[in-house]
Structure formats: C-alpha cells, structure tokens
Amino acid sequence: MLDKQKDKVTYITATIIGVVVFIFLYGLRVLNPCYTDWLLGKGDLSQHYLGWEFYRKSQWFFPFGLTDQLAYPETTSIIFTDSIPLLAVPFKLLKGILPESFQYFGWWGIICFGLQGYLSAKILRTLGVNRIISAISSLFFVIAPIILYRMYRHTSLGGQWIVLLSIYFYVKHNMQYNQVKKMNVQWGCMGVLIAFVHLYYLPMCGIFAGMYVIRSFVKEKNFRIKYITPIVSFMLGLLLSTYLLGGFSSNARTGSSGLGEFSFNLNGFYNPLGYSKILSNLDLYHVCQAEGMAYLGLGILILFVLSLAAICIKVNKQIAKKIINYIDYALIILVLVIFAASPVITYGEHILYSIPCSDKIRSCWEVFRSSGREIWSVCYLLMIFAIVGVSRHLQRIKWLPKFIVILCLGIQMYDLSGVLLSTHNSYKNKQKHELTLNSEFWKEIAERDYKHVFYAQEGIDISSIFHLAEFALENDMTMNDFYFARIIDRDKQTQEVLNKPDNQSVYIVLGEQKEEMSEYSNLFWYEEDGFTVGVTEALKAE
C-alpha cells in the first residue's frame, strides 16, 4: 500500500512538471477560452480554430461530425480541419451557453503536457526504473523536440501522450497478456481516441496492438482466437468513430501527392533541424523531410550511447536470453522506420533505396503521405531504452544512474534552450489580431446580408482563404471551400454555380485570375484587396 502511495507521488510530480513546462512555454493567457487572437493569422493553427468555429455554428447532422459551413452546400467532417473532435463535439453540445468567441486549444495543450509527464513516468516505473529517476526523466518527454515542433503548429499532433499510452498498454500487456477482457476495452478505447484526435496516430499506435497479438501467440505457443479480439476491438472502435465523425461521408480525396517527400531521413535522430544549441543541422534529401523531425536531443543521445555501452559490457548468456525477450520491440522499430522513411529511403541528401510498389499500394499509402510522422513511436522507444538501460545496468554504484540522468537532463535542457526560450518569448505578450477585410467595400458586402462566400479560385491559396474565412465567420456566412487536411473535389460544382449565380452569394477569385471571369457577364466584378469579387447586383463602393 505504501509503495502505491509513493508511486502516486511520482506520477503527480511528473504531471506537475508537464504543466509547469507548458505554462513556462505558452503562459497562462492561452488558457482563457475567450482569448482567440493568438490563434488567428497562424496558418494551420488558424485552420484548427476556424474549423471549430464553423463547425459549432452549423446545425447538427448525422454523422454528427459533419458541418455544411465550409464546403457549402455539401457537408464535410471536422476531421479534415484537425480541430480535435474529442473537444469540438462536446463543446458544440454546449454552444448555446458558450461566449461568441471560444477556444479550447490552450487547455488541450496543458492537458497534453501533463499527460506526457504522467504517462512517461508510468512507463518507466512499470519497467522497473526507480521513482526519483522516473519523475526526473519525465522532463525528457515533456520537452522532447518532436512535441515542441508540433504543439500549436499541428495542434492535434501535439497530443503525443496517445503514443505513450499505446506503449504503456503494450508494456503492461506483455506482463498481463492473458487479461483479454481488460485489453479489449483498452484497445477499443485507443481506436476511438485516435479517430477523435488525429488519424495519423493509427500506424504508430496500431502496431502495438498488432504486436500484442503476435506476442500472445508466442507466449502461449499456440494459436488462440481470443488473443485476436483486442485488435478487432481496436479497429472497430476506430472505424465506428471515424464513421460517426463523418470521415467516410465527406467528398474528400483519401490520397494525396507528396508521398516520399514528407518522409523520415535516416539521419533524423541526430539531425537537430535548428533545435540544437550545440549540434549543426545535417543535409536532407528533400526540404519537406522536416515533417519527419525526430531529433532526440543531445542529452538523450548521450544517455543512449551510455546505455548501449553498459549493456555491451555486461553481455553474457543470461543477458543474451533476456535480449531475445525484447525482439518484439526491435521489430516494431524496424517496421516503423521503414514505414516512416519510405518509399524513398534516404540518408542525408542521398537516396539509398526506392521501394517499388503498385499504384494500388501507393494509393493506400498516400493516406499517410506525411509518413515521417510515424517515427515518433520509435523516438519514444529509444528514449525509454536510454533511461531504462542506464537505470538498470549501472546500479553497482548506487548514486551513478541518478547522477548520469540529471547530468544528461541538464545537457538536454541546454541543447534545447534556444527553442524553449524562443517559444516562451513568442507567447509572453498578448497578441492582437485585426480583421484584414474591413474596408468600406467589405462593410457594404456585410451589410447586404449575403449568405455565402463562393471561392472560385483554382486551388487553395492559404493566406487568402483564411482572410475570407475570418470575414465569413464574422458575418455569419458559409464558405464553399477551405484549407482542409484532404482536398475536397469541387471542380464540377464550381462550374455549375458560376453558370447560375444567385443573389445570396459573393463570388471570389484572386486578382490574377480575373481574366478568366470575364465570360461571366451576368455578374458585376470588383477588385479589392487582391481579390476579384463578383455579385449579382451593383455595389455603391466601386
């Protein structure tokens, strides 16, 4: 009982570390639900916030994750704006009592950092690391470059505690693999969680569910159908949740170009990409491989080398037998490295190997075109290995593991100090965002009570679409297109609408495409703020 109480103190300490780090980096101001200026004019961050605001003002549909406000008159899913449905759906239920402007992204961030600390300590304790080292080491996970790179850039992908949770399930299940009912519930919930946060977590978490099945058969030395049920539960939870969120009901392309460009470069674990104060950046084959950012930090790299050295020194038959017990982790790492680095495997600026694949396989693979992200599970496994290895194999001198971990943590913090301080400085002052489209011309558009902004531009210009989305949101208008995670096919619809314009819509293209609009003589065209704007009735503000 006393041990459990001490463990609770360890977990609470690790959670507090995560919360404190978040407050240092982003401040308390972002926790104010009515403070939304910090979310606007920020690219993908604006996509997440605006996607939520349009979703909440939409009426309810079934599936309940759909909105008709961003691809009007069609519906599209909240999944494709990366607005974290886990929070968007319940808060939409409360929209009648929410203030006019409302955001939950600040609280999402602090919860993520708290859970990052908690679950990392939980994993380390489960693997036999002592309480002090577990609590201290949680800071490695809280300031991991891969989470700092994502939080408030691709906000839902800052929830990497989901990866840690899947690792914890696997570590625990290896010890209690025959508790199938409990695992069915846990892996089923994991499938639901992935759908409600971000589908890119599927490969990096799902592989642990799959390996659990294999590991169970190995331990039983027999095929037993009950051990398949956790992965079935996982997939059912994922597919049902994706369906309920409208993921299969949107006219979105499942694939996307860029496969092989947004991949993991094999130098990624020690290529800082601007995140190190000590190490220099290394070459990439393609600039988009920054999407496969996997820098571990100098402190973890030193811990990893020390851990390997300690294991090698102690190599004997007994340890060789123990190593066999961890072959599953090696397989997980190998599979995920290949998946993340493929189909064009690169080291630095060189191509090592191109994996041939059919058009069908490539089309499926393109669902995860930013394949470099799938390396995150490997990063966390390597971090765990580094800490556990030092903790277990350098115990002869009692104080040595703690000393090494604290020393390497100091090196890690210094190495990442530039990024930590720049993030802190970016958020310490209150930000003020002004509506860009606020001239007399746009005021007249607003006063005429148009209902729809029809974006007839070929392709999405991110800056212009956000300006229009802010204007539409401010004036209770719908959009026919937006910056989605997956392209919505609308070419046929665009042509049909332009051929039969109505007096409730404003038709917009970028200025450089105005010549293409000359054939639509049934509209009055105006040029304002780089846009060519068409309406059915003449405006005063010419």
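In this predicted model, the charged end of Lys92 lies over the ring of Tyr55, at 4.2 Å from the ring centre. A comparable arrangement involves Arg153, whose charged end sits over the ring of Tyr149, 4.1 Å from its centre.

**Aromatic pairs**

Rings also meet other rings: a search of the whole structure finds 39 aromatic pairs. One of them joins Tyr11 and Tyr118 in an edge-to-face arrangement. This pair links distant parts of the chain, since Tyr11 belongs to helix α1 (residues 2-26) and Tyr118 to helix α4 (residues 105-126), 107 residues apart. Tyr11 is buried because its relative accessible area is 11%, under the 20% limit. Tyr118, with a relative accessible area of 26%, is partly exposed.

A further edge-to-face pair is formed by Trp187 and Phe234. Here too the pair links distant parts of the chain: Trp187 lies in helix α8 (residues 180-197) and Phe234 in helix α10 (residues 229-244), 47 residues apart. Both Trp187 and Phe234 are buried.

The geometry of these two pairs is set out below.

| Pair | Centre to centre | Angle between planes |
|---|---|---|
| Tyr11 and Tyr118 | 5.7 Å | 75° |
| Trp187 and Phe234 | 6.2 Å | 85° |

Ring pairs can also join into a group. Phe22, Tyr26, Trp38, Phe113, Tyr152 and Tyr427 are linked by such pairs into a cluster. Two elements named above recur in this cluster: Phe22 and Tyr26 fall within the residue range of α1, and Phe113 within that of α4.

**Helix α18**

Helix α18 spans residues 440-447, and its buried residues are Phe441, Trp442, Glu444 and Ile445. Which side of α18 do these residues occupy? They cover an arc of only 155° around the axis, so they lie on the same side of the helix. An α-helix has 3.6 residues a turn, and residues three or four places apart therefore point the same way. The face turned away from the buried side of α18 carries the exposed residues Glu440 and Glu447. Glutamate thus appears in both settings, with Glu444 among the buried residues and Glu440 and Glu447 exposed.

What covers the buried residues of α18? The covering elements include helix α19 (462-474) together with the strands β7 (505-510), β8 (524-528) and β9 (531-535). After α18 comes Asp449, which has a positive phi, near 60°.

Terms used: Residues are numbered from 1 along each chain as its sequence is written. This is a predicted model: local features need pLDDT of at least 70, side-chain atom pairs count only at pLDDT 80 or more; totals for chains, interfaces and linings use all residues. Side-chain values use heavy atoms; hydrogens and water are left out. Rings of Phe, Tyr and Trp (its six-membered ring) pair if their centres lie within 6.5 Å; planes under 30 degrees apart count as stacked, over 60 as edge-to-face and the rest as tilted. Helices (H or I, at least four residues) and strands (E, at least two) are DSSP runs, numbered from the N terminus. Buried means under 20% relative accessible area, exposed over 50%, partly exposed in between (1.4 Å probe, protein chains only). A charge sits over a ring if NZ of Lys or CZ of Arg is within 6 Å of the ring centre and within 35 degrees of the ring normal. The arc is that of the directions from the helix axis to the C-beta atoms. Contact means heavy atoms within 4.5 Å.
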